[in-house]
Amino acid sequence: MSSPLESLRQVSERPLVRALAVMALVAVALFLLWRSDEPPAPDPEAAALRGPTEPDGFVVDGTYTAYDQNGNLEVRFSSPRIEQFEEGNMATMVSPTARIRGEPGTEPWTISADNGSLLQNENLLYLTDNVRIIRPIGDREATLTTSKLTLDNDQNIIYTDAPVEITDRIGVTRATGMKAWINERILELNSDVEGRYETVQ
């Protein structure tokens, strides 16, 4: 009488049994390979953090600082959320705020908006919705508001073709479109300029 081990060896030597075993191993290997191509189950917390726009990358509470060639602070930019998209090399921002300096020793301009997008190839920053610039003028401060604004980082200029309103302690000025040179501290209003001023006592 043969042992169970001997019986198993005799069965495994049969060609049909060997073929079935090989087929089963191939089937298991194919199944495992097929399963490895499936994406992992989504993590709800990661999906919520990534957001509905599905950016290629994002930063939460990000701050960007740039200096000129002499080491002077030029720009400090911050946003609660910045999303990066490889297509178009673009970044979008929620509630961006920037402090931009001109020549050394001058007071910075503060720029804020509800939304922004940076086209990195052109080095242009587009701001939209409740755009506000606070600009020091000597011992007083002027605030410019508009619905959209473009900041050209290469030329250090700001411009818009939308209506603008400038307020300070001596009055209000309204116009359609404007262009500002940050380094030179020059502001040019394009058209439909009107103002109301009060004499400072």
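Start with the whole chain in view: of the contacts in the protein with a separation of 6 or more, 35% are between residues 24 or more positions apart. This is a predicted model. Keep everything selected for the overall figures. Buried residues account for 27% of the 201 residues. The accessible surface is about 13,500 Å², and carbon and sulfur atoms contribute 55% of that area.

Next, colour by secondary structure. The protein shows three helices and eleven strands. Followed along the sequence, the order is α-α-α-β-β-β-β-β-β-β-β-β-β-β, so the tour now turns to some of the strands.

**Stop 1: S7 and S5**

Select residues 124–137, which are strand S7, and add residues 109–112, strand S5. The two strands run antiparallel and are joined by three bridges. For a specific pair, pick threonine 110; its bridge partner in S7 is isoleucine 134.

**Stop 2: S6 and S7**

Keep S7 and add strand S6, residues 115–119. Here too the pairing is antiparallel, with five bridges. Label asparagine 115 and look across to S7, where threonine 128 stands opposite. Then move to the turn: S6 and S7 make a hairpin with four residues between them. Within that turn, select asparagine 123, whose phi is positive at about 60 degrees.

**Stop 3: S7 and S8**

Stay on S7 and bring in residues 140–152, strand S8. Twelve bridges connect S7 and S8, again in the antiparallel sense. Arginine 135 is a useful marker, with alanine 142 as its bridge partner in S8. At the end of the pair, the S7 and S8 hairpin has two residues between the strands. Select glycine 138 there and check its backbone: phi is positive, near 60 degrees.

While S7 is still on screen, display side chains. In a regular strand, side chains alternate between the two faces of the sheet.

**Stop 4: S10 and S11**

Clear the selection and choose residues 171–181 for strand S10 and residues 186–197 for strand S11. These strands are antiparallel and share nine bridges. Pick arginine 174 and look across to S11, where glutamate 194 is the residue standing opposite. Finish at the turn. Which residue in the turn of the S10 and S11 hairpin has a positive phi? It is arginine 185, at about 60 degrees, in a hairpin with four residues between the strands.

Terms used: Residues are numbered from 1 along each chain as its sequence is written. This is a predicted model: local features need pLDDT of at least 70, side-chain atom pairs count only at pLDDT 80 or more; totals for chains, interfaces and linings use all residues. Side-chain values use heavy atoms; hydrogens and water are left out. Two strands pair if DSSP finds at least two bridges between them. Buried means under 20% relative accessible area, exposed over 50%, partly exposed in between (1.4 Å probe, protein chains only). Contact means heavy atoms within 4.5 Å. Accessible areas come from the Shrake-Rupley method with a 1.4 Å probe; for residues, only the protein chains shown count as cover.
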